[in-house]
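Please look over the sequence and the three-dimensional structure shown here, and keep both in view while reading. The paragraphs that follow go through the structure residue by residue and then turn to its rings and its pocket.

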Amino acid sequence: MATLIVFHEVDDVGHWLASPKREEFFGPRGITVRTFRDPEGSNRVGLVADVTDMAAWEEALQTEEAAEAMKHDGVRPETIVALVEA
């Protein structure tokens with residue numbers, strides 16, 4: 001199991017927090033996530049993700065389904081930074 005911290009910016013933090021898309025996308029893949037927001041009020045948000053299979057994680061993020069979920073949630077893909085627990 002790998003634990004990741006993923007940061008990125010979104011168009012609307014409230015919409016992103018309320019969206020069911022994360023669970024719809026990650027849940028069936030056995031990935032659990034916890035969400036975080038910047039307390040200073042920026043559009044920066046984050047996830048802690050517990051991933052059972054890093055290859056499956058990487059592959060899943062390259063799918064059209066992932067692109068659609070990110071678009072729905074207002075994720076700015078160019079801002080994504082992922083860190084893997086050492």
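**Contacts, rings and a pocket**

Not counting residues up to four places away in sequence, His-8 touches Trp-16, Asn-43, Arg-44, Val-45, Val-75, Thr-79 and Ile-80. The model in which these contacts are found is a predicted one. His-8 belongs to strand 1, and because its relative accessible area is 4%, under the 20% limit, this residue counts as buried.

One of the residues that His-8 touches is Arg-44, which is part of strand 3, running over residues 44–51. With a relative accessibility of 32%, Arg-44 is classed as partly exposed. If its neighbours within four places in sequence are left aside, Arg-44 is in contact with Phe-7, His-8, Glu-9, Arg-37, Asp-38 and Thr-79. Two further residues can be placed by their distance from Arg-44 along the chain and in space. Arg-76 is 32 residues from Arg-44 in sequence, and their C-alpha atoms are 9.9 Å apart. Asp-12 is likewise 32 residues from Arg-44 in sequence, with 9.7 Å from C-alpha to C-alpha. Asp-12 is found in the loop between strand 1 and helix 1, and its relative accessibility of 42% makes it partly exposed.

Strand 3 also contains Val-51. Is Val-51 buried or exposed? At 1% relative accessibility, Val-51 counts as buried. Apart from neighbours within four places in sequence, the contacts of Val-51 are Met-1, Ala-2, Leu-4, Ile-31 and Trp-57. Val-51 and Asp-38 are 13 residues apart in sequence, while their C-alpha atoms are 23 Å apart in space.

Trp-57, a contact of Val-51, leads on to the aromatic rings. A pair of aromatic rings is described by the distance of the centres and the angle of the planes. In the whole structure, a search finds 2 aromatic pairs. In one of them, Phe-25 and Phe-26 meet edge-to-face, with 5.1 Å from centre to centre and 75 degrees between the planes. Phe-26 also forms a pair with Trp-57, and this one is stacked, at 5.4 Å centre to centre and 10 degrees between the planes. Phe-26 lies in helix 2 and Trp-57 in helix 3, so this pair ties together parts that are 31 residues apart in sequence. Both Phe-25 and Phe-26 are buried, and Trp-57 is buried as well. Through these ring pairs, Phe-25, Phe-26 and Trp-57 are linked into a cluster.

Charged side chains also sit over rings. The charged end of Arg-29 lies over the ring of Phe-25, 4.0 Å from the ring centre. Arg-22, for its part, is placed over the face of Trp-16, at 4.2 Å from the centre of that ring.

The last feature is the largest pocket, which holds about 350 Å³ of space. Its lining consists of 22 residues, and those that lie nearest its centre are Phe-26, Trp-57, Leu-61, Met-70 and Ile-80. Two or more lining residues come from each of strand 1, helix 2, helix 3, helix 4 and strand 4. Sorted by class, the lining has 16 nonpolar, 2 polar and 4 charged residues. Some of the names are already familiar: Phe-26 and Trp-57 form the stacked pair, and Ile-80 is among the residues that His-8 touches.

Technical notes: Residues are numbered from 1 along each chain as its sequence is written. This is a predicted model: local features need pLDDT of at least 70, side-chain atom pairs count only at pLDDT 80 or more; totals for chains, interfaces and linings use all residues. Side-chain values use heavy atoms; hydrogens and water are left out. On a 1 Å grid over the protein atoms alone, a cavity is a set of points where a 1.4 Å probe fits but cannot get out, and a pocket is an open set with protein on both sides within 12 Å along at least five of seven lines; lining residues have an atom within 4 Å of a point. Grid points are joined across faces, edges and corners, and a volume is the space filled by probe spheres set on the points. Ala, Val, Leu, Ile, Met, Phe, Trp, Tyr, Cys and Pro count as nonpolar, Asp, Glu, Lys and Arg as charged, and the others, Gly among them, as polar. Buried means under 20% relative accessible area, exposed over 50%, partly exposed in between (1.4 Å probe, protein chains only). Contact means heavy atoms within 4.5 Å. Rings of Phe, Tyr and Trp (its six-membered ring) pair if their centres lie within 6.5 Å; planes under 30 degrees apart count as stacked, over 60 as edge-to-face and the rest as tilted. A charge sits over a ring if NZ of Lys or CZ of Arg is within 6 Å of the ring centre and within 35 degrees of the ring normal.
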